[in-house]
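The following note sets out several points for a reader who is new to protein models. Please keep the structure in view while going through them.

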Amino acid sequence: MDFTSTIVALILGLLFGFALNKGGLTRYANIVGVFRFTNLTVIKFMMTALAVAAIGLYIMRGLGVIQFPGAPATYMLGNLIGGLIFGIGMALTGY
Amino acid sequence: MARKTPLIIILLGSLLLIGLAFWAQPVKQVQAQCKGLSSCKNCHEAQAQDPVSTKGAWHVDHANFDLCYACHGGARESADKAQAHAGMVTKLTDMPANCKACHADDLETRFKKYAAQLNVTDTSSLQTAQKKNNTQAGLAAYLGQQPASVELLQPAKTESSSPAAANPPAAQTPVNTTGNAILGGLLILGVVGGGGYITWNERRLARQSAQPRSWFSEQIRKEHWSPYAAGVLLGITCILAVLLAHHTLGASSAISSIGSNIVNQAAPGTAGQTMYYKFLMPPGFNWEIALLIGVFFGGMLGALSSGTFKLRWNDDPTWKKVFGPQRWKRFVLGFIGAIILQYGAGIAGGCTSGLAISGGMLMAPSAFIFMAGMFITGILVALLVYRRRY
């Protein structure tokens, strides 16, 4: 870890945390609300981020500006069981 | 009493799932979660510059791991081709020793499997390798032979023949002290700065001024943004992460890395030598930890900017309505739930940010499988917890 990449990571983290806070993702009611279909903030937030990032990244790759970093590995059963366990924790804590 | 039943069901259910995870074999092949790949796997496989994962059964069997360097050495963090390949062992000459680094217990079966495919008939090296007792000794000896082995590993310099090698090295080489210093500094900064701010903020609130503000500062001061606006900001952050650092955002692997640091400090000889804590989640101050520190302060900044920054223990109205106002309940349930959450993230290979968003934006199938799983149990648990109040 050199100094520059630490600073870059810190700044990106600041933006990340700021977006989470402003989007209301730091609130229990919002996280649990999505599982009760009473409050869809999480879905709106996540899917907007996903769409913006995907469009931006694919355009930039098409223009040859960037190369994709390694995507998370796919192993069906692991991803699914992990997701199932994760969902329990998420609905329980609201983090 | 009746209110406790759903909780018990949830806890038992999650235990069952965790048991299921142990039973299901492929789940063992856990990738480094929320984390970019090594440069080996990135260039060779992700960018398909020279894919080896289908060449030879040994590669196929290990392809789900990001462990190229465990056998071949080299500098897995360097993106520069020449640098990354420095000190690399292209052809593994001492096969038993290589297998032994991770598979000490069933070395013979593992070795024979590949020996047949490679037409290696000379098993004398196997016997010598077996005579060298102890996993750590084999690993240390093997890694010690490499001139430029990975900095993170810090192999203990023991000679394979010396009797000391039979015992696990007592004191590991200290882990990245610069990183610890930075981390400590930031923590102190956070505590001092946070405390200072609270005093300042209290005074500021006491003499609220009412000046007209610009549109921009008005937006920054808003407590709630439209989730779409915040989502766009996060999307841009994700793009910046790839552009500036060639990384994806994620949170859960930082927790595991911090755990690995603790484990490697507390029990370097035993738990620190397991495959997970040595190879999959090596200790050290890494990119994800720096990011997580940033997230903490970023969230704080968000609350500060809207003037809602406050120390809270349990003041969420929804939570209070369901579980009651007791503070300890929030703590206990939060702690247990967070363990379940982190465990799930470990198995899946990431969390909502590192897998669902970062994987989804690269159109990785894993992200969508994960989200499906997350919602299945999330909805069920919410149903159980809320029942009639749903």
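1. The model is predicted. A suitable place to begin is A:F37, which lies just after helix α2 of chain A and takes a positive phi of about 60°.

2. The helix that precedes this residue, α2(A), spans residues 28-36. How many of its 9 residues are buried? The count is 8, so the helix is mostly covered, given that a residue is called buried when its relative accessible area is under 20%. The buried residues are A:Y28, A:N30, A:I31, A:V32, A:G33, A:V34, A:F35 and A:R36.

3. What do the buried residues of α2(A) pack against? Within chain A, their partners are α1 (3-23), α3 (41-62) and α4 (76-93). Chain B contributes α16 (317-323), α17 (327-348) and α19 (365-386). The surroundings of α2(A) are thus drawn from both chains.

4. Chain B contains 19 helices and 0 strands. Of its 390 residues, 44% are buried. Considering contacts in chain B between residues at least 6 apart in sequence, 63% join residues at least 24 apart. Chain B exposes about 20500 Å², and carbon and sulfur atoms supply 65% of that area.

5. Two cysteines of chain B deserve a remark. B:C238 counts as buried because its relative accessibility is 1%, below the 20% cut-off. B:C351 is likewise buried, with a relative accessible area of 5%. Over all chains, the number of disulfides is 0.

6. The contact between the two chains takes 72 residues from chain A and 112 residues from chain B. The size of an interface is often given as the accessible area lost when the parts come together. Here the area buried between chain A and chain B is about 8100 Å², and carbon and sulfur atoms give 78% of it. Three residues, A:K22, A:F86 and A:L92, supply 10% of the area that chain A buries against chain B, more than any other three residues.

7. How many salt bridges are counted between chain A and chain B? The count is 1. A salt bridge joins the side chains of B:E223 and A:R27, with an N to O distance of 3.1 Å. Between the chains there are also 19 residue pairs in polar contact, both residues being at pLDDT 80 or more. On the side of chain A that touches chain B, α1, α2, α3 and α4 each supply at least two residues. Helix α4(A) gives the most to that side, with 18 residues.

Key. Residues are numbered from 1 along each chain as its sequence is written. Chains are lettered from A and ligands numbered from 1 in the order in which they are written. This is a predicted model: local features need pLDDT of at least 70, side-chain atom pairs count only at pLDDT 80 or more; totals for chains, interfaces and linings use all residues. Side-chain values use heavy atoms; hydrogens and water are left out. Buried means under 20% relative accessible area, exposed over 50%, partly exposed in between (1.4 Å probe, protein chains only). Helices (H or I, at least four residues) and strands (E, at least two) are DSSP runs, numbered from the N terminus. Contact means heavy atoms within 4.5 Å. Accessible areas come from the Shrake-Rupley method with a 1.4 Å probe; for residues, only the protein chains shown count as cover. A disulfide is a pair of cysteine sulfur atoms within 2.5 Å. Buried area is the accessible area (1.4 Å probe) that two parts lose on being put together, summed over both. A salt bridge is a side-chain nitrogen of Lys or Arg within 4 Å of a carboxyl oxygen of Asp or Glu. A polar contact is a pair of N or O atoms within 3.5 Å; within protein, one must be able to donate a hydrogen and the other to accept it, and residues adjacent in sequence count only if both atoms are side-chain atoms.
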